[in-house]
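Please read the following report alongside the sequence and the coordinates. It takes a few local features in turn and then turns to the pocket and the chain as a whole.

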Amino acid sequence: MHTITAPRFLLSIVLVSTLLVGFGCRSRQPILDGEQGNGTDMVDSISLDGTYALAPRGEFGQPVTEVSFENVQFSYDSFQIPPIERAKIEAVAEFMLDNPETTVLVDGHCDERGSREYNLSLGEHRALSIRAVLISLGVAGDRIQTRSFGSEQPLDPGTGEAAWRRNRRGEFSLFRP
Amino acid sequence: MIRFLIIIICLFACSSGFSADIKIVGEGKTQAVPISTQAFHAGASESASLFLHIVRVNLDRWGWFRVSDAASASYALQGGITISGSQFSVDANVVNVRTGRSVIRQRLRGETSELRMVALNFVDALTEAIHEVPGVASTRIAFVGALHGGKDLFMVGADGEAMMQLTQDAVPCFGPSWHPRQDVLYYTSFVRGFPDIYRLDIERGRRSVVSRESGINAGTSVSPDGNRLALILSRSGNPEVYIRQQPKGELTRVTHTAHFAEASPDWSPDGRNLVFVSDMQGGPHLFVVSADGGKPRRISRSGSQNVSPDWGPDGRIIYSSRRYGRFQLVVYHPQTGEEKQLTTAPVDHENPSWGRDGRHVVYAKRDGRISSLYIMDTQTGTEIRLTTRAGDWYFPAWSLH
């Protein structure tokens with residue numbers, strides 16, 4: 001029914017180890033079917049409760065390389081933008097208002113502590129907080145996408161407050177068509 | 001797993017063979033029933049002795065029985081197994097020593113390659129016959145693992161055998177959730193660069209996209225009837241709990257917490273309520289809400305953070321509660337409001353998942369950066385290490401079938 005298109009999607013049975021008595025650890029790569037369930041649902045566009053609904057994910061285009069922006073840092077278990085961090089978002093907004101063809105992807109990250117699943121939500125909430133500030137500064141919401149990595153991609157692999165502080169962050173990636 | 005066996009099962013339900021002192025189901029203490037296997041003829045072949053070995057190990061492993069000598073046994077396994085080429089033939093008969101009556105008898109034939117599953121299914125059938133609880137010996141545990149840094153989905157038998165790698169993406173993935181009756185997992189993966197929800201059909205080796213809305217698509221939990229998914233979406237501009245009808249995809253929003261984040265929904269056994277994590281009252285804590293919506297009710301009181309709830313088959317909720325700086329396992333009883341802390345060791349106990357017997361839980365024990373999976377008997381507090389391979393193993397999800 002579905003055509004296998006690439007060798008890496010082949011069903012492969014690989015003996016990874018036979019540490020387990022009598023039984024190996026088999027391994028196989030599932031075939032990825034065509035997309036389903038995407039793009040058929042209407043995205044809410046009205047923000048009755050003060051949130052800004054996300055626009056559908058589009059193509060991101062080419063990365064903007066002539067300028068880079070500092071990461072926004074967060075307090076532990078918080079999605080609030082510390083006042084001292086706001087200027088970093090204002091710099092992004094200024095650039096985007098000067099360069100109306102650009103779009104931004106805001107990545108939210110957490111430190112390693114706590115539930116990975118809650119951190120995925122918290123990281124998204126951090127990215128959305130940054131997005132809300134960008135919108136309040138005049139950047140159209142459909143130019144801003146968010147992505148949370150939770151605690152999966154620490155900048156600093158160390159443990160301890162110094163590492164954790166660096167890892168609680170929002171990152172900006174800018175694109176133009 | 002499809003079992004390619006031709007199975008002839010003869011069940012002799014025993015009406016009067018139960019010992020009077022056995023208490024049934026999850027919460028109380030269950031006496032391990034002594035059972036002897038000395039009268040079972042396994043012969044000298046490797047497959048035959050492996051069968052008996054697996055039966056004995058799993059009788060001892062799950063707390064419902066203990067293998068004893070014939071003199072002190074309440075039950076005796078009789079019959080035997082014969083091997084002929086790649087074929088086996090088993091006659092397994094368990095007799096109540098006092099009454100002489102058979103409580104269960106299975107006559108099975110098939111390929112020797114299926115003997116492990118035959119042995120595990122027999123132990124579960126015996127557990128059901130004597131304790132009226134579905135055993136977990138034949139069930140499986142899906143989890144996330146990092147073998148060489150990249151993360152993928154894995155699966156292992158509850159007996160610790162037959163570990164299998166299910167994906168080869170080496171990208172962050174989250175929270176596998178079993179379909180209640182099918183060999184299907186729902187989980188969140190970054191395989192296409194964003195946290196999207198996928199459905200993985202283990203038997204057919206096929207994966208399809210379930211939800212890839214803007215923002216996060218995470219926290220999937222399949223309803224007990226298999227027809228609905230609870231999940232977390234941030235499409236509204238904030239992470240919220242939603243219910244998605246399967247397979248049509250109709251979405252209902254359950255929570256409305258514009259300025260707070262939700263995570264990790266899980267269904268009550270009757271499919272009417274959801275427990276989930278929210279920071280709407282400061283820090284992540286547990287709330288229960290009707291699947292039809294309405295006002296969420298906070299259920300976790302102690303602990304600075306309460307995360308990763310799993311609503312068990314007997315109605316009790318297990319979760320990780322941060323106490324004195326470490327995540328400990330806590331069981332909450334919605335009817336009485338009582339909570340009981342199960343662990344105290346100074347390490348993190350995360351992502352607990354109930355077995356279908358309502359007695360055992362599997363969880364990730366993290367010491368420093370590395371997690372291993374353990375199974376705990378919540379009646380005795382006994383822990384068994386499930387993952388013995390080196391690696392980082394977490395997000396265990398115990399199958400109900």
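## Helix H1 of chain A

In this predicted model, helix H1 of chain A covers residues 86–98, and its 13 residues should span 18 Å at 1.5 Å a residue; the C-alpha atoms at its two ends are 19 Å apart, which agrees with that expectation. The buried residues of H1(A) are A:Lys88, A:Ile89, A:Val92, A:Ala93, A:Phe95 and A:Met96. When H1(A) is viewed down its axis, these buried residues fall within an arc of 165 degrees, so they line one face of the helix.

The face of H1(A) that is turned away from this buried side carries A:Glu94 and A:Asp98, which are exposed. The cover over the buried residues of H1(A) includes elements from several parts of chain A, namely strand S4 (72–73), strand S5 (103–109), helix H2 (116–136) and strand S7 (169–176).

## Chain A as a whole

Chain A contains three helices and seven strands, and, read from the N terminus, its elements follow the order β-β-β-β-α-β-α-β-α-β. Of the 177 residues in chain A, 49% are buried. Among the contacts in chain A with a separation of 6 or more, 69% join residues that lie 24 or more positions apart.

## A:Ser115 and its contacts with chain B

Where in chain A does A:Ser115 lie? A:Ser115 sits in the loop between S5 and H2 of chain A, and with a relative accessible area of 5% it counts as buried, because the cut-off for that class is under 20%. Setting aside residues up to four places away in sequence, A:Ser115 touches B:Val307 and B:Ser308. The C-alpha atom of A:Ser115 is separated by 33 Å from that of A:Ala140, a residue 25 positions away along the chain.

One of these two contact residues, B:Ser308, belongs to strand S23 of chain B. Its backbone has a phi near 55 degrees, which is a positive value in a residue other than glycine, and at 10% relative accessibility B:Ser308 counts as buried.

## Helix H1 of chain B

Helix H1 of chain B runs over residues 46–61, and its 16 residues reach 22 Å from the first C-alpha to the last, close to the 22 Å expected at 1.5 Å a residue. The buried residues in H1(B) are B:Ala48, B:Phe51, B:Leu52, B:Ile54, B:Val55, B:Asn58, B:Leu59 and B:Arg61. Just after H1(B) comes B:Gly63, which takes a positive phi of about 85 degrees.

## Backbone features in the loops of chain B

B:Glu132 has a positive phi of about 55 degrees although it is not a glycine, and its place is in the loop between helix H2 (115–131) and strand S8 (140–146) of chain B. At 47% relative accessibility, B:Glu132 counts as partly exposed. In another loop of chain B, between strand S17 (240–245) and strand S18 (251–253), lies B:Pro247; the peptide bond leading from B:Gln246 to B:Pro247 is cis, with omega near 0 degrees.

Which residues does B:Gly315 contact, leaving aside its neighbours within four places in sequence? B:Gly315 is in contact with B:Pro269 and B:Pro334, and the C-alpha atoms of B:Gly315 and B:Pro334, although 19 residues apart along the chain, are separated by 7.3 Å. B:Gly315 itself lies in the loop between S23 and strand S24 (317–323) of chain B and is buried, with a relative accessible area of 12%.

## The largest pocket

The largest pocket has a volume of about 680 Å³. Its lining is made up of 34 residues, and those that lie nearest its centre are B:Ser177, B:Ser221, B:Asp266, B:Asp310 and B:Ser353. By class, the lining of this pocket consists of 18 nonpolar, 13 polar and three charged residues.

Strands of chain B contribute to this lining: strand S11 (173–178), strand S15 (217–222), strand S19 (262–267), strand S23 (306–311), strand S27 (348–354) and strand S31 (392–398) each supply at least two of its residues. Strand S23, named here, is also the strand in which B:Ser308 lies.

Notes
Residues are numbered from 1 along each chain as its sequence is written. Chains are lettered from A and ligands numbered from 1 in the order in which they are written. This is a predicted model: local features need pLDDT of at least 70, side-chain atom pairs count only at pLDDT 80 or more; totals for chains, interfaces and linings use all residues. Side-chain values use heavy atoms; hydrogens and water are left out. Helices (H or I, at least four residues) and strands (E, at least two) are DSSP runs, numbered from the N terminus. The expected span of a helix is 1.5 Å times one less than its number of residues. Buried means under 20% relative accessible area, exposed over 50%, partly exposed in between (1.4 Å probe, protein chains only). The arc is that of the directions from the helix axis to the C-beta atoms. Contact means heavy atoms within 4.5 Å. On a 1 Å grid over the protein atoms alone, a cavity is a set of points where a 1.4 Å probe fits but cannot get out, and a pocket is an open set with protein on both sides within 12 Å along at least five of seven lines; lining residues have an atom within 4 Å of a point. Grid points are joined across faces, edges and corners, and a volume is the space filled by probe spheres set on the points. Ala, Val, Leu, Ile, Met, Phe, Trp, Tyr, Cys and Pro count as nonpolar, Asp, Glu, Lys and Arg as charged, and the others, Gly among them, as polar.
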